[in-house]
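Biologist: I've got a new structure open and I'm not sure how to read it. Could you walk me through the features one by one?

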Amino acid sequence: MKQSKLWKHLAALIYDIFPILALFLLTSLILVLFRQGEEVKPRTLWLQLILFTEVFLYFTYSWKLGGQTLGMRAWKIGIQNHQNMSWLDATLRFFVGLVSTMLLGLGLWHRKFSLNKLTWMDMVSNSQVVDLSKKQ
């Protein structure tokens, strides 16, 4: 299969912000109902952990079970041989992707200049994101 284009990775990541925001809104609604309208103070550790866990599960569950997040599906890219990906691989892929994002996508840009043409996330999870728009 053909390797996906870098801009599709970025577009998929931007697209994935919307389902994550929907998860956050649903969580907020449930918390407001559960706490009978009482405000959760800003920077509350337990709330931040809940939201972080939701993001973690959104990505790892999507990659492991379907090989794609909603953003990846929209841009027709996916993880090749995702059936062979372990939960540890998906977890490593998530945390390396998080570091890459904090470094302004350096892990993605690495693919452009490396000999093996893999992102940091691909390297740690023994996988590769491929273009699914043209099945070969």
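Modeller: Happy to. Let's begin with one idea: a nonpolar core is a set of buried Ala, Val, Leu, Ile, Met, Phe, Trp, Tyr and Cys residues joined through side-chain atoms within 4.5 Å. Keep in mind that this is a predicted model.

Biologist: How many residues does the largest nonpolar core have, and which have the most contacts inside it?

Modeller: The largest one has 14 residues, and Phe59, Trp63, Met72, Ile79 and Phe94 have the most contacts inside it. At least two residues each come from helix 1 (6–34), helix 2 (45–66), strand 1 (77–79) and helix 4 (87–102). Helix 2 contributes the most, with five residues.

Biologist: Say I click on Ile79. What does Ile79 touch?

Modeller: Leaving out residues up to four places away in sequence, Ile79 touches Trp63, Gly67, Met72, Met85, Arg93, Ser127, Gln128 and Val129.

Biologist: Let's zoom out. How many helices and strands are there in the chain?

Modeller: Six helices and two strands. Going along the sequence, you meet them in the pattern α-α-α-β-α-α-α-β. The C-alpha atoms fill a box of roughly 55 × 30 × 25 Å along the principal axes.

Biologist: And how do I judge what is inside and what is outside?

Modeller: Go by relative accessible area: under 20% is buried and over 50% is exposed. Here, buried residues make up 38% of the chain's 136 residues. The accessible surface comes to about 8,900 Å², and 69% of it belongs to carbon and sulfur atoms.

Biologist: What about contacts between residues far along the sequence?

Modeller: Take the contacts with a separation of 6 or more: residues 24 or more positions apart account for 66% of them.

Biologist: How many positive and negative side chains does the chain have?

Modeller: There are 15 positive and 7 negative side chains, and the centres of the two sets lie 12 Å apart.

Biologist: Now helix 1. How can I check its length?

Modeller: Use the rise of 1.5 Å a residue: the 29 residues of helix 1 should span 42 Å, and the end C-alpha atoms are 42 Å apart, so the two agree.

Biologist: Which residues of helix 1 are buried, and what covers them?

Modeller: The buried ones are Leu6, Lys8, His9, Ala11, Ala12, Asp16, Pro19, Ile20, Thr27 and Leu31. Their cover includes helix 2, helix 3 (70–74), strand 1, helix 5 (106–113) and strand 2 (129–131).

Biologist: Why does Thr27 count as buried?

Modeller: Because its relative accessibility is 11%, and the cut-off for buried is under 20%. Thr27 sits in helix 1 and touches Ile50, Leu51 and Glu54, not counting residues up to four places away in sequence.

Biologist: What about backbone angles? Where should I look?

Modeller: Look for a positive phi in a residue other than glycine. Gln36 is one such case, with phi near 55°. Gln36 comes just after helix 1, in the loop between helix 1 and helix 2.

Biologist: Is Gln36 buried or exposed?

Modeller: Exposed, with a relative accessible area of 75%.

Biologist: What is the phi of Asn126, and where does that residue lie?

Modeller: Phi of Asn126 is near 50°, again a positive value in a residue other than glycine. You'll find Asn126 in the loop between helix 6 (120–125) and strand 2. At 67% relative accessibility, Asn126 counts as exposed.

Terms used: Residues are numbered from 1 along each chain as its sequence is written. This is a predicted model: local features need pLDDT of at least 70, side-chain atom pairs count only at pLDDT 80 or more; totals for chains, interfaces and linings use all residues. Side-chain values use heavy atoms; hydrogens and water are left out. Buried means under 20% relative accessible area, exposed over 50%, partly exposed in between (1.4 Å probe, protein chains only). Helices (H or I, at least four residues) and strands (E, at least two) are DSSP runs, numbered from the N terminus. Contact means heavy atoms within 4.5 Å. Accessible areas come from the Shrake-Rupley method with a 1.4 Å probe; for residues, only the protein chains shown count as cover. Lys and Arg count as positive and Asp and Glu as negative; His and the chain ends are not counted. The place of a charge is taken as NZ of Lys, CZ of Arg, CG of Asp or CD of Glu. The expected span of a helix is 1.5 Å times one less than its number of residues.
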